[in-house]
Amino acid sequence: MLSGVCSFPGQNCGGLVQGPNGTIESPGFPHGYPNYANCTWIIITGERNRIQLSFHTFALEEDFDILSVYDGQLQQGNLKVR
């Protein structure tokens with residue numbers, strides 16, 4: 001299980017992605033996302049499968065927005081990249 005988080009208090013969004021392929025989009029895409037969005041997506045694949053994240057369009061507001069990727073539960077020890 002892998003999760004991506006855009007974490008700020010406010011509107012909750014996100015979802016579950018299962019299977020060999022999937023797409024994750026922020027609320028309002030292709031336009032801007034709401035202020036204070038708090039989005040969590042859970043990506044589930046078969047055991048021993050790898051997950052590859054490809055960003056086709058990606059923009060965050062500098063000094064305000066964060067993307068974090070965890071392998072497993074949202075705990076500091078599982079943080080892979082921020």
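Is C39 buried or exposed? Select C39 in this predicted model and colour the surface by accessibility: with a relative accessibility of 2%, the residue counts as buried, because anything under 20% relative accessible area falls in that class.

**The whole chain**

Before moving further in, step back and show the cartoon of the chain, which contains five strands and zero helices, so that reading along the sequence gives the pattern β-β-β-β-β. Of its 82 residues, 20% count as buried, and C39 belongs to the buried class at 2% relative accessibility.

**The disulfide**

Return to C39 and add C13 to the selection, since these two residues form a disulfide with their sulfur atoms 1.8 Å apart. A disulfide is a covalent bond between the sulfur atoms of two cysteines. The count for the structure comes to one disulfide, and the torsion about the S-S bond of C13 and C39 is about -45°, so this disulfide is left-handed. Because C13 lies in strand β2 (residues 12-18) and C39 in strand β3 (residues 38-44), the pair ties together parts that are 26 residues apart in sequence.

**Strands β2 and β3**

Next, display both of these strands with their backbone atoms: β2 and β3 run parallel and are joined by seven bridges. To see one pairing, select G15 and look across to β3, where its bridge partner is W41.

Now show the side chains of β3 and turn the strand so that you look along it. In a regular strand the side chains alternate between the two faces of the sheet. Along β3, C39, W41 and I43 point to one face and are buried, whereas N38, T40, I42 and I44 point to the other face and are not buried.

**The loop between β2 and β3**

Which two residues does the cis peptide bond with omega of about 15° join? Select F29 and P30, for that bond joins them, and P30 has its place in the loop between β2 and β3. Continue to Y36, which is found in the loop between β2 and β3 as well; its phi is near 60°, a positive value in a residue other than glycine. Y36 is exposed, with a relative accessible area of 57%.

**The loop between β3 and β4**

Moving past β3, select R48, which lies in the loop between β3 and β4 (68-71). Phi of R48 is near 70°, again a positive value in a residue other than glycine, and R48 is exposed, with a relative accessible area of 79%.

Then select F55 and F58 and show their rings. A search of the whole structure finds one aromatic pair, and F55 and F58 form it in an edge-to-face arrangement, at 4.8 Å centre to centre with 70° between the planes. F58 is partly exposed, having a relative accessible area of 46%.

What does the side chain of D65 reach at 2.9 Å? Select D65, whose place is in the loop between β3 and β4, and draw the distance from its side chain to the backbone nitrogen of E61, which it reaches at 2.9 Å. D65 is buried yet has no salt bridge. Finally, add R82 to the view: R82 is the nearest side chain of opposite charge to D65, and it is 11 Å away, whereas a salt bridge would require a side-chain nitrogen of Lys or Arg within 4 Å of a carboxyl oxygen of Asp or Glu.

Technical notes
Residues numbered from 1 in each chain as written. Predicted model: local features only at pLDDT ≥ 70, side-chain atom pairs only at ≥ 80, totals over all residues. Heavy atoms only, no water. Disulfide = S-S within 2.5 Å. Helix = DSSP H or I, 4+ residues; strand = E, 2+ residues; numbered from the N terminus. Buried < 20%, exposed > 50% of the residue type's maximum accessible area, 1.4 Å probe, protein only. Phe/Tyr/Trp six-rings, centres within 6.5 Å; stacked < 30°, edge-to-face > 60°. Pairing = 2+ DSSP bridges. Lys, Arg positive; Asp, Glu negative; His and termini not counted. Polar contact = N/O pair within 3.5 Å; in protein donor to acceptor, adjacent residues only side chain to side chain.
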